[in-house]
Amino acid sequence: MVSEFAKQGAHVGFIDIDETAAAALAATLPGPVSYRHCDVRDIAALKAAIADFEAETGHVDVLINNAANDDRHRVDAVDTDYWDDRMAINLRPHFFAAQAVRPGMARAGGGSIINLGSIVVAMAAAECVAYVAAKGAIQGMTRALAREFGPDMIRVNCLIPGWVMTERQIRLWLDEAGERRIAERQCLPEKLVPDDIARMAMFLAADDSRHCTAQSFVVDGGWT
């Protein structure tokens, strides 16, 4: 998403916990790109990074909440610390980032907030109940924030990807059985790639979607 928005000429500010990968990405991109190191579990640091981006540009037009960790876990192995940590990564930052950008968007006359959900909710996926719970909550939170922020012409939508062939997904979980599941369950036979999700994000960011809010947009090749 960072790459695709930068190629469109947007002034992109992004955060990441992986400094090496972030620096390598930023070095390849055209135009103004700003990076801040941040662990999204640290809400004060998250808000400080957003404030830095606003200082550079005046305000944030588009916020994409795409932080997540989908590590697998068994129900009987989950304790309160693990549960709270999953929410601190997969849910809590989305709310506080939206809260942080709202005043600037309102002063500017509007904006777009895009929260990343997941088809794991519709799939009732196993071995990741905390992740599923967080992603389900994001869909509900999206609708509530859209109602709250609408008077300021701020749109809030949920982008729900299917099984996207990121480096992590390919490394950890794409095997022969996974290939068969894609062929059997998707209506379209081609694998989803990150650019497919980025293009939907660009649509939701642009004025082309000016009356789309409180909605969930699924990009999953017809899996669900």
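This is a short talk on three strands, a pocket, a surface patch and one helix residue in the structure above. Please keep in mind that the model is predicted.

I'll start with strand β4, residues 111–116. How many of its residues are buried? The count is 6 of 6, so by the cut-off of under 20% relative accessible area the strand is mostly covered. In a regular strand, side chains alternate between the two faces of the sheet. For β4, one side carries G111, I113 and N115, and the other carries S112, I114 and L116. Both of these faces are covered.

Next, the neighbours of β4. On one hand there is β3, residues 62–65. β3 and β4 run parallel and are joined by 4 bridges. If you want a place to look, find V62 in β3, which stands opposite S112 in β4. On the other hand there is β5, residues 154–161. That pairing with β4 is also parallel, over 6 bridges. Here the residue to find is I113, whose bridge partner in β5 is V156.

β3 has a covered face and an uncovered one. L63 and N65 are on the covered face, while V62 and I64 are on the uncovered face. Both faces of β4, as I said, are covered.

Now the pocket. The second largest one has a volume of about 320 Å³. It is lined by 16 residues, and those closest to its centre are G111, M153, I154, R155 and R210. Which strands contribute to that lining? β4 and β5 each supply at least two residues. G111 you have already met, on one of the covered faces of β4.

From there to the surface. After β3 the chain enters a loop that leads to α4, residues 80–90, and V75 is found in that loop. Is V75 buried or exposed? Its relative accessibility is 63%, and because the cut-off is over 50%, V75 counts as exposed. V75 belongs to a nonpolar surface patch with W83 and V129. Together the three have about 270 Å² of accessible area.

Last, helix α7, which covers residues 129–149 and includes A137. A137 has a relative accessible area of 29%; that lies between the 20% and 50% limits, so A137 is partly exposed. What is the separation between the C-alpha atoms of A137 and L91? These residues are 46 apart along the chain, and the separation is 7.4 Å.

That is the end of the talk.

Technical notes. Residues numbered from 1 in each chain as written. Predicted model: local features only at pLDDT ≥ 70, side-chain atom pairs only at ≥ 80, totals over all residues. Heavy atoms only, no water. Patch = residues over 30% accessible without salt bridge, like charges linked within 9 Å, V, L, I, M, F, W, Y side chains within 5 Å. Areas by Shrake-Rupley, 256 points an atom, 1.4 Å probe, with all protein chains shown as cover. Salt bridge = Lys/Arg side-chain N within 4 Å of Asp/Glu carboxyl O. Buried < 20%, exposed > 50% of the residue type's maximum accessible area, 1.4 Å probe, protein only. Pairing = 2+ DSSP bridges. 1 Å grid on protein atoms, 1.4 Å probe; cavity = no way out; pocket = protein on both sides within 12 Å on 5 of 7 lines; lining within 4 Å. Points joined across faces, edges and corners; volume = space filled by probe spheres on them.
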